[in-house]
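Hi everyone, thanks for coming. I'd like to walk you through a structure for a few minutes, so please have a look at the screen while I talk.

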Amino acid sequence: MSQGNPLSLHVPEPTGRPGCKTDFSYLQMSPAGAVRRPEVDVQFGDTADLVTVLIRVLDDEGNAVGPWAPQIDTEQLRFGLRTMMKTRIFDARMVIGQRQKKMSFYMTSLGEEAIGTAHALALKDGDMCFPTYRQQSLLMAREYPMVDMICQLLSNERDPMKGRQLPVMYSVKDKGFFSISGNLATQVPQAVGWAMASAIKGDTKIASAWIGDGATAESDFNTALTFAHVYRAPCIINVVNNQWAISTFQAIAGGESVTFAARGVGSGIASLRVDGNDFLAVYAASCWAAQRARRNLGPTLIEWVTYRAGPHSTSDDPSRYRPSDDWSRFPLGDPIVRLRQHLTRLGAWSDEEHERVQAELEAEVIAAQKEAEQYGTLADGRVPSAASMFEDVYKDMPEHLRRQRQQLGV
């Protein structure tokens with residue numbers, strides 16, 4: 001009996017490697033303004049066509065076009081641009097600080113600043129974000145003090161986390177920023193559960209969960225989608241597809257033949273696929289999803305298509321697995337440049353103002369860093385007291401821990 005052709009295993013490969021320019025045709029682009037905007041109360045199945053196209057508002061000339069063009073005032077746009085600029089300057093300064101051994105680790109959001117910034121503007125006070133480690137722009141947009149952020153990075157004596165979290169893993173309850181977890185995908189079921197609790201209490205607050213393309217391969221993600229669909233949890237599930245999960249191309253996580261947005265529809269959730277480098281598109285899609293959640297219409301999954309322009313972290317060298325000029329060739333461009341172009345066309349920004357704001361923000365970040373460093377850095381060894389390891393664990397400290405603390409003399 002003939003056994004036929006031998007089987008072969010398919011292993012996805014990126015379309016570019018060092019020395020070979022990336023072919024970005026796999027992105028499934030759409031012209032700005034070409035994608036329809038459904039009513040907020042649309043059934044999940046009626047968003048099936050929206051997971052294979054790309055919602056875009058800003059065209060190549062910086063005009064806002066199409067049905068997704070949002071009603072947003074100029075001052076909000078100016079605030080958005082300043083916040084993105086501040087986030088990028090902050091990231092650059094913190095990388096320098098890590099190289100100076102003032103902190104152990106850092107992760108930038110270079111190229112992804114629009115996603116967190118615009119999304120934050122679509123949320124309300126009391127809403128809770130369950131972020132990953134590349135959403136510092138959420139805190140910037142909510143005007144959390146940079147000094148506190150830097151003290152956490154430096155793990156110094158004023159670290160709000162008292163040295164118990166890896167740098168960049170912030171936790172700010174009053175800014176709606178849930179504790180970041182280094183265990184990938186765990187925050188998505190947590191966000192869905194938080195949203196379910198809000199609904200059970202008859203509250204008005206919604207949750208916003210964040211996950212990268214690579215982490216969608218974790219079982220936690222699929223569990224979260226099931227619960228969100230079944231209980232119509234008032235939440236937004238943000239999948240940030242920045243093309244690379246450390247050195248692993250997004251296709252390895254399942255993004256080769258289908259989009260990540262398609263997983264939402266497959267789980268019974270209304271889903272969108274959006275240009276993550278288009279500030280206006282991010283804001284519009286976020287408002288649409290938030291409105292669905294607040295009207296008890298259930299969850300929304302949004303795939304934000306963007307590009308991780310920098311290394312995965314300060315421990316990574318991306319030139320070993322992808323072309324060094326990839327970001328400059330990425331078809332969706334730079335989110336800061338694109339919003340700046342739009343504001344300039346509106347007559348609400350200029351080259352002179354851009355240079356002035358850049359200098360102001362650089363000075364602001366440097367001043368915050370200097371203030372934070374007064375409380376110590378990793379380089380000078382000024383860390384939280386050993387007494388802090390005994391605190392915030394038990395309401396009433398057990399006797400054996402009391403003895404240990406006495407032995408330490410703290």
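Let me begin with charges: the count here comes to 25 salt bridges. Please keep in mind that this is a predicted model.

I'll pick out a few of those bridges. Take Arg-36 and Asp-49, whose side chains meet in a salt bridge at 2.8 Å, N to O. This pair links distant parts of the chain, with the two positions 13 residues apart, and both Arg-36 and Asp-49 sit in the segment before H1. Arg-36 counts as partly exposed because its relative accessibility is 36%. Asp-49 also comes out as partly exposed, at 36% relative accessibility.

Now for a longer jump along the chain. Asp-127 forms a salt bridge with Arg-294, and the closest N and O atoms are 2.4 Å apart. Asp-127 belongs to the loop between helix H2 (113-122) and strand E1 (128-130), while Arg-294 is in helix H8, residues 279-294, so to speak 167 residues apart. How covered are the two partners, Asp-127 and Arg-294? Asp-127 is buried, with a relative accessible area of 1%. Arg-294 is partly exposed, with a relative accessible area of 27%.

One more pair, and then a group. Arg-308 and Asp-316 form a salt bridge in which the closest N and O atoms are 3.5 Å apart. Are these two residues, Arg-308 and Asp-316, buried or exposed? Both of them are buried. As for the group, Glu-75, Arg-78, Arg-82, Glu-353, Arg-356 and Glu-360 are joined into one network by salt bridges that share partners.

Let's move on to the rings. How many aromatic pairs does a search of the whole structure find? The answer is twelve. One of them is Tyr-170 with Phe-177, an edge-to-face pair with 6.5 Å from centre to centre and 65° between the planes. Tyr-170 counts as buried, because its relative accessibility is 4%. Phe-177 is buried as well, with a relative accessible area of 2%.

Another pair is made by Tyr-307 and Phe-330. Their ring centres are 5.2 Å apart and their planes are at 40°, so this pair is tilted. The two rings come from distant parts of the chain, 23 residues apart: Tyr-307 is in the loop between strand E7 (300-305) and helix H9 (326-329), and Phe-330 is in the loop between H9 and helix H10 (335-346). At 1% relative accessibility, Tyr-307 is buried. Phe-330 is also buried, its relative accessible area being 3%.

Which aromatic cluster do Tyr-307 and Phe-330 belong to? They are in one cluster together with Phe-24, Tyr-26, Trp-244, Phe-249 and Tyr-321.

While we are on rings, here is a contact between a charge and a ring. Arg-37 lies over the face of Trp-68, at 5.3 Å from the ring centre.

Now to the surface. Leu-9, Val-11 and Ile-252 make a nonpolar surface patch of about 330 Å². Val-11 is found in the segment before helix H1 (74-99). With 48% relative accessibility, Val-11 counts as partly exposed.

For those who like to pick a single residue and look around, try Asn-241. You will find Asn-241 in strand E3, residues 235-241. Asn-241 counts as buried, because its relative accessibility is 4%. Asn-241 and Trp-210 are 31 residues apart in sequence, and their C-alpha atoms are 11 Å apart in space.

Finally, a word on the record. An unreviewed UniProt entry places the feature "domain: 2-oxoisovalerate dehydrogenase E1 alpha subunit N-terminal" at residues 6-43. That span is 0% helix and 0% strand, and its end C-alpha atoms lie 44 Å apart. The unreviewed entry in UniProt also gives "domain: Dehydrogenase E1 component" for residues 82-378. Over residues 82-378 the chain is 44% helix and 11% strand, with the end C-alpha atoms 30 Å apart.

If you'd like to turn the model around yourselves afterwards, two places to visit are the salt bridge between Asp-127 and Arg-294 and the tilted pair of Tyr-307 and Phe-330. Thanks for listening!

Methods: Residues numbered from 1 in each chain as written. Predicted model: local features only at pLDDT ≥ 70, side-chain atom pairs only at ≥ 80, totals over all residues. Heavy atoms only, no water. Patch = residues over 30% accessible without salt bridge, like charges linked within 9 Å, V, L, I, M, F, W, Y side chains within 5 Å. Areas by Shrake-Rupley, 256 points an atom, 1.4 Å probe, with all protein chains shown as cover. Salt bridge = Lys/Arg side-chain N within 4 Å of Asp/Glu carboxyl O. Helix = DSSP H or I, 4+ residues; strand = E, 2+ residues; numbered from the N terminus. Buried < 20%, exposed > 50% of the residue type's maximum accessible area, 1.4 Å probe, protein only. Phe/Tyr/Trp six-rings, centres within 6.5 Å; stacked < 30°, edge-to-face > 60°. Lys NZ or Arg CZ within 6 Å of the ring centre and 35° of its normal. UniProt positions renumbered as here; feature names shortened; annotations may be inferred.
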